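Welcome to a short set of exercises with worked solutions. Please keep the model open beside you and try each task before reading on.

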Amino acid sequence: MQSNSEQDLTKNTIHATKPAERCEKPTYTLAIAIEFLGTHYYGWQRQKEVLGVQEALETAISKVANETVEVVAAGRTDASVHASNMIAHFVTHAYRPAHNWLRGVNSLLPDDIALRWIQPMPDGFHARFDAIARRYRYITLNQAHRPAILNHQVTHIYDPLDLAAMQTAAANIVGTHDFSSYRAAACQSNQPVRHVSHAHLFAHGPFIVFDIQADGFLHHMVRNLMGTLHAIGKHELQPSDFLTILAKKDRTIAPPTASGDGLYFINAYYPEPYQKLLPAAPLTPIWLNLPD
């Protein structure tokens, strides 16, 4: 027998039928997974004078819903940063079968943004505030010649990188730290302490993949960490310099921010009652063909 809480969390399913008409029109909370190339966008967030991914999504979803809809994502990405599995949600009065939402919204989106799935969720689900962890992958192409097909989808570095030195430094990222040295000057977070649960760095053919998961990220945190790892790989810094920079809590002594081209938001994670309702999907940039 299900508990009351389990019944509450499973009352909205993808096969739900249209409810009977009531005096007060019901609302539906819908989770979505989005993939996008961030090259032509000024980040996730809606902005007044430039186009963000959020605005493009809200425009398309609002047309299908026939009402104004706000989309809330698990995280915010910078200009030129990509996503292969950004989790978000919206609340609407409009009832549509799942396949109608998916096909309708995708038909209205630009070619570089697409919904991967849509899932009804319990009332109160919040893609940002309920997330307990977020995960990124940063892809560096380390070869002598520049890419054409993957232009702006990876960060290209000509110089040979010392993978072992980078891995030694990356191992020190795991744990709870004050990341003041690796946050943007414009970061608006109230505090700089974050817990990193894993920070794997490995080679995959000519690619160097940095896979990092934490309870949250500061503005430019992953790109700033990657900038230091690149400097270590080029022997501009030693692996031990990572901890020295971290301890100083001073952004001005760390290397420059790495390009946004190679960064992908790949997933957000939620407490088990919510997580089990969300469809599983490959996390990587699909062309890289990495295990999850």
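**Exercise 1. A helix pair**

At roughly what angle do the axes of helix 2 (residues 53-65) and helix 3 (residues 98-108) cross? Work out how the pair should be classed, and then list the residues in contact.

Solution. A word on the source before we start: this is a predicted model.

Step 1: the two axes cross at roughly 130 degrees and come within 8 Å.

Step 2: angles over 145 degrees count as roughly antiparallel and 65 to 115 as roughly perpendicular, so helix 2 is oblique to helix 3.

Step 3: the handedness of the crossing between helix 2 and helix 3 is right-handed.

Step 4: helix 2 brings Ala 60, Ile 61, Lys 63, Val 64 and Ala 65 to the contact, while helix 3 brings Trp 101, Gly 104, Val 105 and Leu 108.

Step 5: sorted by class, the residues of this contact of helix 2 with helix 3 are 7 nonpolar, 1 polar and 1 charged.

**Exercise 2. Another helix pair**

Please repeat the analysis for helix 4 (residues 163-170) and helix 5 (residues 221-233).

Solution. Step 1: helix 4 and helix 5 pack at an angle of about 140 degrees, and their axes are 8 Å apart.

Step 2: the cut-off for roughly antiparallel is over 145 degrees, so helix 4 is oblique to helix 5.

Step 3: helix 4 and helix 5 form a right-handed crossing.

Step 4: on the helix 4 side the contact uses Ala 165, Met 166, Ala 169 and Ala 170, and on the helix 5 side Met 226, Leu 229, His 230, Ile 232 and Gly 233.

Step 5: the contact of helix 4 with helix 5 holds 7 nonpolar and 2 polar residues, with no charged residues.

**Exercise 3. Two annotated positions**

Which residues do the UniProt annotations "binding site" and "active site" cover? Describe the surroundings of each.

Solution. Step 1: in the unreviewed UniProt entry, "binding site" covers Tyr 136, and "active site" is listed for Asp 78.

Step 2: Tyr 136 sits in strand 5 (residues 133-142), whereas Asp 78 is in the loop between strand 2 (72-73) and strand 3 (82-92).

Step 3: buried means under 20% relative accessible area. Tyr 136, at 8% relative accessibility, therefore counts as buried. Asp 78 has 17% relative accessibility, so Asp 78 counts as buried too.

Step 4: leaving out residues up to four places away in sequence, Tyr 136 touches Arg 76, Phe 210, Asp 211, Ile 212, Phe 217, Val 222, Leu 263, Tyr 264, Phe 265 and Ile 266. With that exclusion, Asp 78 touches Gly 43, His 219, His 220 and Arg 223.

**Exercise 4. Arg 137 and Leu 283**

Is Arg 137 buried or exposed? Find where Arg 137 and Leu 283 lie, and compare their contact lists.

Solution. Step 1: Arg 137 lies in strand 5, and Leu 283 is placed in the segment after helix 7.

Step 2: Arg 137 has a relative accessible area of 2% and is therefore buried. Leu 283 is buried as well, at 6%.

Step 3: beyond neighbours within four places in sequence, the contacts of Arg 137 include Leu 283, Thr 284, Leu 290, Pro 291 and Asp 292. Among the other contacts of Arg 137 are Val 209, Phe 210 and Asp 211.

Step 4: with residues up to four places away set aside, Leu 283 touches Ser 84, Asn 85, Arg 135, Arg 137, Ile 266, Asn 267, Tyr 269 and Asp 292.

Step 5: now check two distances. The C-alpha atoms of Leu 283 and Arg 135 are 9.4 Å apart, with their positions 148 residues apart along the chain. Arg 137 and Asn 66 are 71 residues apart in sequence, and their C-alpha atoms are 36 Å apart.

**Exercise 5. Positive phi values**

What is the approximate phi of His 235, and what is that of Asn 289?

Solution. Step 1: most residues other than glycine have a negative phi.

Step 2: His 235 has a positive phi of about 65 degrees, and the phi of Asn 289 is near 55 degrees, also positive.

Step 3: His 235 is in the loop between helix 5 and helix 6 (241-248), and Asn 289 is in the segment after helix 7 (272-275).

Step 4: exposed means over 50% relative accessible area. His 235 is therefore exposed at 53%, and Asn 289 is exposed at 62%.

Notes
Residues are numbered from 1 along each chain as its sequence is written. This is a predicted model: local features need pLDDT of at least 70, side-chain atom pairs count only at pLDDT 80 or more; totals for chains, interfaces and linings use all residues. Side-chain values use heavy atoms; hydrogens and water are left out. Axes are lines fitted to C-alpha atoms, for helices over the stretch in contact, and angles run from 0 to 180 degrees between N-to-C directions. Helices (H or I, at least four residues) and strands (E, at least two) are DSSP runs, numbered from the N terminus. Angles under 35 degrees count as roughly parallel, over 145 as roughly antiparallel, 65 to 115 as roughly perpendicular and the rest as oblique. A crossing is left-handed if the near helix is turned anticlockwise from the far one by less than a right angle, and right-handed if clockwise. Contact means heavy atoms within 4.5 Å. Ala, Val, Leu, Ile, Met, Phe, Trp, Tyr, Cys and Pro count as nonpolar, Asp, Glu, Lys and Arg as charged, and the others, Gly among them, as polar. UniProt positions are given in the numbering used here, feature names are shortened, and annotations may be inferred rather than shown by experiment. Buried means under 20% relative accessible area, exposed over 50%, partly exposed in between (1.4 Å probe, protein chains only).
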